[in-house]
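Visitor: I am new to this structure. Please show me its interior closely, one part after another.

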Amino acid sequence: MNNYSSLNKKNIEHTIHNWNFLIKKASYKYNVEEKLIKSIIYVESSGNPYAKSRSNAIGLMQIKPSAAGLEIYRLNGKKGQPSVRELYNPKVNINIGTSYLNLLQKKNLLGIKNKEIMRCATIVSYVNGAHALLKIFSKNRDEAIKKINSMTVKTFFKYVKKHPSIQASQYLEKVIKIYNVI
C-alpha cells in the first residue's frame, strides 16, 4: 500500500503525526509499544483513517469487523462487532487495533521470551492470525512456543518464510523496516 522509497523518520512521523496522541494513549492503556502501533498504521493505511481494503479491513489499523473487531468486542463483553462507521473513527480504530495487539501478546503468544521475536510474532499474527503462525512450528501450541523460544531471531524469520501465506513474511519485513526507521 505504501511507497517505501521515501523511508525516513521525518516522512513516517509526518504521515502519522495526527494520530500520535491516540497512539500514545492506546499504547499506555494496553501496554503495547508505540513504535509497533505506528509501524503497523504506516504499513496498513499510510495514516489514512478512511482506508478500506478489498478484504473489508477498515481504517488506520485495517481492522476487519468480523475478525479482530469481533474478538475485541467479545473480550470487552460487547455483542456483535464494530460497525464500519465506528472503525473509520481513528480513536475507536486505534483502540481496537492496539487492544488486539495486546490480546496477541498477553494470550495467544504468551510464553515467547525473546522481546524481538515476540514483536515479530505479534506482527505476523496481526496480519494472519496467531494460530496460523504457531502451526508452522507445531500443531501443539505449547510445543510451538517452546520451539520458538529455542530460536534466534534469524531462525524465526526463516520459519516465517514457510508460512502458508506469502503475505506473512512480506508484511513482517515491511513493518520491521518501518519500526527500525522510527
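Guide: The largest nonpolar core (buried Ala, Val, Leu, Ile, Met, Phe, Trp, Tyr and Cys residues joined through side-chain atoms within 4.5 Å) has 57 residues. Met61, Ile94, Leu109, Tyr126, Leu133, Phe137 and Phe156 have the most contacts inside this core. Helix α7, residues 115-128, gives the most to the core, with seven residues. Helices here are DSSP runs of H or I, at least four residues long, numbered from the N terminus. This is a predicted model, in which local features need pLDDT of at least 70 and side-chain atom pairs count only at pLDDT 80 or more, while totals for chains, interfaces and linings use all residues. Residues are numbered from 1 along each chain as its sequence is written, and side-chain values use heavy atoms, with hydrogens and water left out.

Leaving aside neighbours within four places in sequence, Ile94 is in contact (heavy atoms within 4.5 Å) with Trp19, Leu22, Ile23, Ala26, Ile41, Leu60 and Met61. Met61 is itself among the residues with the most contacts inside the core.

Gln105 is found in helix α6, residues 90-108. Gln105 counts as buried because its relative accessibility is 12%, and buried means under 20% relative accessible area with a 1.4 Å probe, protein chains only. With neighbours within four places in sequence again left out, the contacts of Gln105 are Asn31, Val32, Leu36, Leu110, Met118 and Thr122.

Note on methods
Buried < 20%, exposed > 50% of the residue type's maximum accessible area, 1.4 Å probe, protein only. Helix = DSSP H or I, 4+ residues; strand = E, 2+ residues; numbered from the N terminus.
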